Every structure is written in C-alpha cells, then in structure tokens.
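Hi,

Here's the structure I promised to pass on. Have a look at it first, and then read my notes underneath.

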Amino acid sequence: MWTKGLLKLDATPLSAVFKRLERYYGVKLAYPEEMESMKLYGSLDLQCSLEEVLRRISLTAPISFQKMDNEIEIHINNVHKNN
C-alpha cells in the first residue's frame, strides 16, 4: 500500500516488495525465488534512492545487492554458518 511516498508493509513477501520497487523505480531486480518466503514489516520511504531503500531492507533482511549493467542483483546472505 502506498501512502504519502511510503510503502507500507505488513508481512509482505520480499519478492512482492521487489516487484513494486521495480515498477516504482523503473529498474530490473534479479533475485532468487526463496525470497517469496521472507516477509517484511514496517514502511519504506520511496523518496530515497533505490540503493538506499535496498540498504534499509538489508538492515532487517539477510540480503545484499550489487548493481550490474542494467539491473540490480539481490542475494540472500548466509546468516547461519555451519563449521
């Protein structure tokens, strides 16, 4: 849901958030299917750059991103390391 430049999230699948960001910023995001099961809560300020929005998502979700030629690749970080 969009409200005053904010994207409100309530258990929104990360993949759905990325689809909305693709439309809003007009850029292609490449991400793994597993992001469907990750859920986000809160809100995102869409007046920020896409890179800043992704950085803010990465503070709560185990993701990293890398800007390529004409798309941004998003990866799941391995938060549990088995030794």
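To start you off: how many bridges join strand β3 to strand β6, and do the two run parallel or antiparallel? There are three bridges, and the strands run parallel. If you want to find them, β3 covers residues 28-30 and β6 covers residues 71-76. One pair to look for is A30, whose bridge partner in β6 is E73. Keep in mind throughout that this is a predicted model.

Now for the other neighbour of β6. Strand β5, residues 63-67, is joined to β6 by five bridges, and this pair runs antiparallel. Here you can pick out S64, which has H75 as its bridge partner in β6. To get from β5 to β6, the chain goes through a hairpin of three residues.

Put those pairings together and you get an open sheet of three strands, in the order β3-β6-β5, with mixed pairing. At the edges sit β3 and β5, each of them pairing on one side only. From one strand to the next, the twist averages 25°.

Next, the helices. Helix α1, made of residues 14-25, packs on the sheet and touches β3, β5 and β6. Its direction makes about 155° with that of β3. Helix α2 (residues 50-58) also packs on the sheet, where it touches β3, β5 and β6. In this case the angle I have is with β5: the direction of α2 makes about 160° with that of β5.

So how do α1 and α2 sit against each other, and at what angle do they pack? The angle is about 170°, and their axes are 11 Å apart. Because angles over 145 degrees count as roughly antiparallel, α1 is roughly antiparallel to α2. The crossing, where α1 passes α2, is right-handed.

Which residues make that contact? From α1 they are L14, V17, F18, L21 and Y25, and from α2 they are L50, V53, L54 and I57. Try colouring them by type: nine residues of the contact of α1 with α2 are nonpolar, with no polar and no charged ones.

One last thing to think about when you go back to the strands: in a regular strand, side chains alternate between the two faces of the sheet.

Have fun exploring!

Note on methods
Residues numbered from 1 in each chain as written. Predicted model: local features only at pLDDT ≥ 70, side-chain atom pairs only at ≥ 80, totals over all residues. Heavy atoms only, no water. Pairing = 2+ DSSP bridges. Helix = DSSP H or I, 4+ residues; strand = E, 2+ residues; numbered from the N terminus. Axes fitted to C-alpha atoms, helices over the stretch in contact; angles between N-to-C directions. Contact = heavy atoms within 4.5 Å. Parallel < 35°, antiparallel > 145°, perpendicular 65-115°, else oblique. Left-handed = near helix turned anticlockwise from the far one by under 90°. Nonpolar A, V, L, I, M, F, W, Y, C, P; charged D, E, K, R; others polar.
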